[in-house]
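Biologist: Please show the model, and then we can go through the ligand shell, the domains and one residue.

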Amino acid sequence: MKIKAAVLNEMGAEAPYTNSKPLRIEDIDLQPPGPGEIMVKMAAAGLCHSDLSVINGSRPRPTPMVLGHEAAGIVEEVGDFVTDLKVGDHVVMVFVPSCGHCLPCCEGRPALCEPGAESNNAGTLISGGSRLSRNEESVSHHLGVSAFAEYATMSRNSVIKIDKDLPLDQAALFGCAVLTGVGAVVNTGKVEPGSTVAVVGLGGVGLASILGARLSGASRIVAVDLDDSKLALAKELGATDCFNARSPDCVGEIREATQGGVNYAFELAGAVPALETAYNVTRRGGTTVTAGLPHPDKRFALAPVSLVAEERTLKGSYIGTSVPMRDIPRYISLFRQGRLPVDRLLTGHLKLENINEGFDLMAQGKAVRQVITF
Ligand SMILES: NC(=O)c1ccc[n+]([C@@H]2O[C@H](COP(=O)([O-])OP(=O)(O)OC[C@H]3O[C@@H](n4cnc5c(N)ncnc54)[C@H](O)[C@@H]3O)[C@@H](O)[C@H]2O)c1
Ligand SMILES: [Zn+2]
Ligand SMILES: [Zn+2]
């Protein structure tokens, strides 16, 4: 069937995107779900920096591609052998489909699913190939989802069913910002009550980490960004101390305020200087967690002796080391209790036609999470 979608035809456009228009709204073809697949009518799709990184070429992917991976919608059609979902069910999309039988899946680490990573890199579904095309030319999927479109066909394993009373614009955020940001704190870092935390980079993902740190009972939550308005929001969400990374001695100031650094520092900016800040504000014996995704050519220099003599740990975190089937229902339950105010991360609603403007706002650091509603 014909659907309206925002298509990225090539990477590397110059900002402002309202002029260069890297995403074009086009009518393209979507195939119905094959075995083990579903079609979702999109309700809400969030703009994440990982989409922007494909647009600007920091995260190279095959084009043409329909971007979008943080989303929620309603099941429109189910393919053969899908027995646990039905038309009308509400679902949140997860940006790594998991096969359930590769080694990482069997080790309880579906975020590292090998066929899932392979198909995501190739721009296909985990079940093989693409269900999107334009004049017979295949169009790639983004992270098994491609949510910047009226409808999407995807693997059943790319979604988690949710209750129907959760507003779908808020639900979308659980699929990426919340899973990644809260998961980095609770699953990757395993922050304990009373410990001290720093979060460097306060977009949707970093602010979700602030919420995660508060939920974990951190005694100090140090927020770091280049933008004072992000720091102000972090303070409202539970940060105890705020520092602007533009200050010439930001690291020194944080180390002094925290008597030698924090137990856990999180990098959620996607920039090497932010990782340097996070590493340098981690105290002796502490853990630095990095979840940002800089261009694969970027390098981070570190003195190995600091890892050894200070018994430091440096960990990567992909989708917050999550088990989405376990974690999304947990986070939604905490949200309903008011203990994880995810709605505070939602700063704007857009129409699909205005998607380039949304990415300008993100590139300028002026938005937290903006959601396209259909
Ligand atoms: N690991 C994962 O599974 C995963 C999932 C989603 C997103 N990501 C990545 O996480 C990063 C953040 O995503 P987002 O959507 O929240 O981005 P965003 O653009 O909304 O926010 C990034 C924030 O970092 C700040 N920043 C940039 N450089 C900084 C510096 N040197 N020091 C301090 N702050 C700095 C910016 O001002 C901005 O507020 C991106 O790299 C994205 O690709 C990773
Ligand atoms: Zn994302
Ligand atoms: Zn797997």
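Modeller: Domain bounds here come from an automatic or database domain assignment. This is a predicted model, in which local features need pLDDT of at least 70, side-chain atom pairs count only at pLDDT 80 or more, and totals for chains, interfaces and linings use all residues. Residues are numbered from 1 along each chain as its sequence is written, while chains are lettered from A and ligands numbered from 1 in the order in which they are written.

Biologist: From which domains does the shell around ligand 1 draw at least three residues each?

Modeller: A residue is near a molecule if its C-beta atom, placed from the backbone, lies within 6 Å of it. The assignment divides the chain into two stretches, one of them in two segments. At least three shell residues come from each of domain 1 (2-165 + 341-373) and domain 2 (180-317).

Biologist: How far apart are the C-alpha centres of domain 1 and domain 2?

Modeller: The two domains are in contact through 12 residues from domain 1 and 13 residues from domain 2, where contact means C-beta atoms, placed from the backbone, within 7 Å. Their C-alpha centres are separated by 28 Å.

Biologist: Is Leu-132 buried or exposed?

Modeller: A residue is buried if 20 or more other C-beta atoms, placed from the backbone, lie within 10 Å of its own, exposed if 12 or fewer, and partly exposed in between. Leu-132 has contacts beyond four places in sequence with Ile-28, Leu-30, Val-66, Val-139, His-141 and Ser-146. Because 26 other C-beta atoms lie within 10 Å, Leu-132 is buried.
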